[in-house]
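Biologist: Let us go through some strands and a helix of this chain.

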Amino acid sequence: MSADQPARVLRVKAERRSDGAPVATPTPRLSWMVEAPGEGWRQASAEIERDGETTRIEGDQSVFVAWPFAPLAPREQAVLRVRVTGEDGETSDWSEPLIITAGHLADGEWAAQFIGLADPAGEAQPALLRHEFAVDRPLRRATLYSTAQGVHQILLNGRETDDAELKPGWTSYQWRLLYDMTDVTELLQEGANAIGIELAGGWFTEEYGFRDNTHRFYGDQPSVAAQLVLEYEDGAEEVVATDASWRATGDGPRTASSIYQGEDYDARLQKEGWSSPGFAEEWAAVRVVETSVVPTPRAAEPVRRTEELPVAEVIRTPSGAAVLDFGQNLVGRLRIRVTGEAGTVLTLRHAEVLEHGELGTRPLRRAAATDHYTLAGGGEETWEPRFTFHGFRYAQIDGWPGELDPSAVTAVVMHSDMRRTGWFESSHALVNRLHENVVWGMKGNFLSLPTDCPQRDERLGWTGDIQVFTPTASYLFDCDAFLTSWLEDLALEQAPHEGVVPFIVPSVLPTEPRAAAAWGDAATVVPTVLHERFADLQVLEDQFESMRGWADALLRIAGERMLWEGHFQFGDWLDPDAPPERPGDAKTDDDIVASAYLYRSTWLVARAAEQLGRSEEAARYGELAERVREAWVREYVTPTGRVVSDAPTAYALALQFDLVQEPDRRRAMGDRLAFLVRGAGFHMSTGFVGTPLIQDALVASGHADVAGRLLTQTQNPSWLYAVTMGATTIWERWDSMLEDGSINPGEMTSFNHYAFGAVADWLHRSVGGLAPAAPGYKEIEVRPVLLEEIDWAKTSHETPYGLASVEWRREGTAFSLELVVPANTSASVWLPGETEPRRVGSGSHSFTAEVAEPQKPVRELTMDSPLTHVVDDREAFSAIVGAIADDDPEKARAYRRHTPWASHTPLRMSLFSMPTHVVEAVERALADVSAGSDD
């Protein structure tokens, strides 16, 4: 905007969502963004108007401002506007109005009974339910509330009431059920009306567990509850609610439905007009299901269809099948258009990868991930499964009548409909694809709750995955409401177990919850990050008892030694050196990881208590945390800075959790970490715990060059190996697919698992250079780390205050940086070579600096050069490994993985077990590299 324009208020929102959805509380907090001209704009005061009533707040608060009016009554609407006055004395115009509706119900107002089939034909039987009613006078408003023990969709007079999918989503059903609220006034008519409900089991009736130890945790049959509140023009009110008077049938076209197994649909059984008035078919009475759970309003975004992808390629497999490739690993389902004879059965199978040219279905384990459609005949038919989803890039459709036209099949992408808020791009194409893979991995695994994977017989809310990924998630999408909702379930699941957080939330496995480091710590880490990134202090308040309960549980385990020792742990899960069948066999000792997280969580509780004004608890937990830290250092660290588990994850934990605080020992630890990474040939050697920390630990200890080599490594194991293998999402294992194109032999293999994508947070903060320095980015730290491998990078993030962006470029010795700081915030800018930051206010800013040119290795390498010199020369290292791979790829893989590259062993000696012709090939390759350098 031009400098002579006044400030403008943008995007007013109530509570944690800005999509106009009903608010789940009678006193929603309010937030707004401001667009202001020039530099350094700060809010001095704001006025908030509700239906003509105005209140004024002093100061610069514009995020989560307390509701300043009388509480909203159920279904009450309010029209809100905001205007602001800057410190310059100028006052903006009023914002565009925001209309909010109260989504809560009064105590005792929920009247609907849960109903289902009285005589189901089998377990998890899908159903259709219906009821007719009359509207006998002019209607002012009609509001529908609905929920299910299962998943459902509602139709009024034959029309769907909303575009949400898989409602009400998955929560800890035994304690918490969510209802959706929709204004359906336009769907009703004076006179006869009908309400119809499609119902299936979804997560409620799914069979959970592993191998043969599975069970239906919640129940065998779905049920649904809905109430329609009719408000008439004359002031009267009527409630139409599910009860024993409704009718139902299990003989509809949806004959089977399962999250894991897929959906079967027989179009010959469709019942024309079943959700409209006057339907004549006789259905059976329903069964009323008793439950003590009173539904509560949804506060997070629902699952929706968000985009569609066409077929990118049709592949003919060795077996002769036609496989559709959509070019992107995604989560959702297929929509088909087909014409054929009645009774023709189509089988839709899904897989994330191909193996030996065929669908790679082994990683699905028990999940069939297969849909069946039986044609009704009589013309073109369009169908899409309703109550299931699959993780797939490839689909095989068997039974298609005639030639399959790829334009007749579309992939429909689904996830919780959060707003995208973060972007990153750089001069490195593979790193850009890595980042895009992270985005797609998050979309597919943020479907109702944060899951580990979206395709196999799991799709569970593993706490360890989201614990490490929350910083990345909170940058890429506005997931505050989504994760806050999930944290409510975490606290509920934790409460019966004396503070112990289950491995997964909701907890449905047939085992008693046990404490596991880095997994249960989601109780403390996730709320902390949400406060840090969204300035949401309420989440700390709401979750404080959960945070404290987890810390207390760990302190009881630790006892007088103040160390978490000798218990089950996942540890540094999926360390690349662990055998495929034993993913927990990490190089870093489990006790080191456990006690590090004991410190971390106890310290986070102390900090949360301080932020909430609980001074006594802050002091108590701060003292306990310090005792844990001292015990960790005493037990596991030598005076010179070695950790007894001499592995990268151990050093990354010590540095990034601030367990070791003496400068000399920290310096030694950073040097040792860099040595170990170089010694591994700049390949990844960390699992779930170490991977999110290692890049920050390297940079903070002065080894950005090592971090750059680690980021841009393309050989297995590395972040970019999967990219070079064609991955379009993040893999569960570093080598979920092996170099020969075969799937990892481990039983547990997913090609859409976001945990290792936690590195994207480092890309945003360090490579892009945009990090929060105060909650909600009220203060921003701009401190890009220059890597030899990257010439430019840009990142942007819609903070709670507005869009912030950084774009930097290096050309020779010239460095330039463009920065946009949102109104009402400030930034500290660290330029290369400067020891103090430059402070700037809001607005657009440009900076320049002189930097040193990246230095290429200048050593002349020979067969007698030490390995430590060889590994530092990227071109020579690749040429040597490539020469060995030309003879034996497996031998080359073992050589680069297990050779001590940081040692002074001569190159020739490292090849002593190789055949003579391989040694000669290496010598020729090295000579070619040297000749190229001379040119």
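The exchange below takes up strand pairing and then one helix.

Modeller: The model is predicted, so local features need pLDDT of at least 70, side-chain atom pairs count only at pLDDT 80 or more, and totals for chains, interfaces and linings use all residues. Residues are numbered from 1 along each chain as its sequence is written, and side-chain values use heavy atoms, without hydrogens and water.

Biologist: How many bridges join strand 39 to strand 40, and which residue in the turn has a positive phi?

Modeller: Strands (E, at least two residues) and helices (H or I, at least four) are DSSP runs, numbered from the N terminus, and two strands pair if DSSP finds at least two bridges between them. Strand 39 (residues 802-811) and strand 40 run antiparallel, joined by seven bridges. They form a hairpin with two residues between them, and the residue with a positive phi, about 65 degrees, is glycine 812.

Biologist: In strand 43, which residue is the bridge partner of alanine 814?

Modeller: Strand 40 also pairs with strand 43 (residues 843-850), antiparallel, over eight bridges. The partner of alanine 814 there is glutamate 850.

Biologist: Over what arc do the buried residues of helix 15 lie?

Modeller: Buried means under 20% relative accessible area, exposed over 50%, partly exposed in between (1.4 Å probe, protein chains only). The buried residues of helix 15 (residues 874-887) are Ala876, Phe877, Ile880, Val881, Ala883 and Ile884. They are on the same side of helix 15 because their arc, taken from the directions from the helix axis to the C-beta atoms, is only 150 degrees.
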